[in-house]
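Trainee: I should be grateful for guidance on reading the features of a structural model. Please take me through them in turn.

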Amino acid sequence: MWNAGCVELRVIDHPLVAHKTSLMRDKTTPSPMFRQLVEELVTLLAYEATRDVRTEPRDVVTPVSPTIGSQLSKPRPLVVPILRAGLGMLEGMTRLMPSAEVGFVGMVRDEETLQPFTYAERLPKDLTGRQCFVLDPMLATGGSLGGTVQFLRDRGAGDITAICLLAAPEGIDYISELTKDLDVPFTLVVAAVDERLNEHGYIVPGLGDAGDRLYGLAE
């Protein structure tokens, strides 16, 4: 149905991931429970997404004897939630990797053109060689994620992994086409790949607007 192309796509096949995803999809799930589910699900996805995080050896003295352990390499990984909905994923990610640094990109979608535009950005100027983890709940058209990937690549990111709750085939195709021209490894980790986008650019069956379900309507 879709071609991942240059994207290393990891769809996490796990009973707990499927269970929590189903609860999030349910329109009767209230916002407090939805936020908790997102945090829990992101931690599960992050476990897989950080499989290749860089480490270095360190000396450890146990109560029995010295040994060699490991620790995250420097510079630390950079976690980048895409505002606003990506903020709901941050706690679940930093719970697993609390020593990571955090940057932000704010994007909003024009509801007529379905194209995103950037209204805020807080990232290091130099990301040379850094491993970056982008948090975006819904990979729909791919515009927001694609713009953020370009930001990170232009500043020298050496490795980019995106964590999304759900993805549409159209978004995967868009990101695959975009990353063909980027000489940087790109991995996409998702809980599920859904059927399609509707005429309004929403994922079907999806779970609705992730930002609204996390934080309520912002009007």
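Mentor: Let us begin with contacts: contact means heavy atoms within 4.5 Å. The model before us is predicted. In it, L72 touches V53, R54, T55, E56, P77, M97 and S99, when residues up to four places away in sequence are not counted.

Trainee: In which strand is L72 found, and is L72 buried or exposed?

Mentor: L72 is found in strand β3, which covers residues 66-72. Burial is judged by relative accessible area, with under 20% counting as buried. L72 has 17% relative accessibility and therefore counts as buried. One may also set sequence separation beside spatial separation: L72 and P57 are 15 residues apart along the chain, and their C-alpha atoms are separated by 8.8 Å.

Trainee: How many of the residues score at least 70 in pLDDT?

Mentor: The share is 92% of the residues, and the protein averages a pLDDT of 90. Where pLDDT is low, the predicted coordinates should not be read in detail. Among the elements, helix α1 (residues 15-25) has the highest mean pLDDT, 97, and strand β7 (residues 116-122) the lowest, 78.

Trainee: How many disulfides does a search of the whole structure find?

Mentor: A disulfide requires a pair of cysteine sulfur atoms within 2.5 Å. The search finds zero disulfides. For C132, which is in no disulfide, the nearest cysteine sulfur is that of C164, 15 Å away. C164 is likewise in no disulfide, its nearest cysteine sulfur being that of C132. C132 is buried, with a relative accessible area of 1%, and C164 is buried at 0%.

Trainee: Which residues does D136 touch, not counting residues up to four places away in sequence?

Mentor: D136 touches I82, M89, S144, L145, I163, C164 and L165. C164, one of these partners, is the buried cysteine just discussed. D136 itself lies in the loop between β8 (131-135) and β9, and at 10% relative accessibility D136 counts as buried.

Trainee: How should I read a pair of helices, and at what angle do the axes of α2 and α3 cross?

Mentor: One takes the approach of the axes, then the angle, then the handedness. The axes of helix α2 (residues 31-49) and helix α3 (residues 87-96) come within 7 Å and cross at roughly 45°. The two helices are therefore oblique to each other, and their crossing is right-handed. On the α2 side the meeting residues are V38, E39, V42, T43, A46 and Y47, and on the α3 side they are G88, M89, E91, G92, M93, R95 and L96. An α-helix has 3.6 residues a turn, so residues three or four places apart point the same way.

Trainee: Which residues of helix α5 are buried, and what covers them?

Mentor: In helix α5 (residues 169-179) the buried residues are P169, G171, I172, I175, S176, L178 and T179. Their cover includes the strands β1 (8-11), β9 (138-139), β10 (159-167), β11 (186-193) and β12 (196-197), together with α4 (143-154).

Trainee: What is G171 in contact with, leaving aside its neighbours within four places in sequence?

Mentor: G171 is in contact with L139, A140, T141 and G142. This residue of α5 counts as buried, at 0% relative accessibility. The C-alpha atoms of G171 and R213 are separated by 21 Å, with their positions 42 residues apart along the chain.

Notes
Residues numbered from 1 in each chain as written. Predicted model: local features only at pLDDT ≥ 70, side-chain atom pairs only at ≥ 80, totals over all residues. Heavy atoms only, no water. pLDDT = per-residue confidence, 0-100. Helix = DSSP H or I, 4+ residues; strand = E, 2+ residues; numbered from the N terminus. Buried < 20%, exposed > 50% of the residue type's maximum accessible area, 1.4 Å probe, protein only. Axes fitted to C-alpha atoms, helices over the stretch in contact; angles between N-to-C directions. Parallel < 35°, antiparallel > 145°, perpendicular 65-115°, else oblique. Left-handed = near helix turned anticlockwise from the far one by under 90°.
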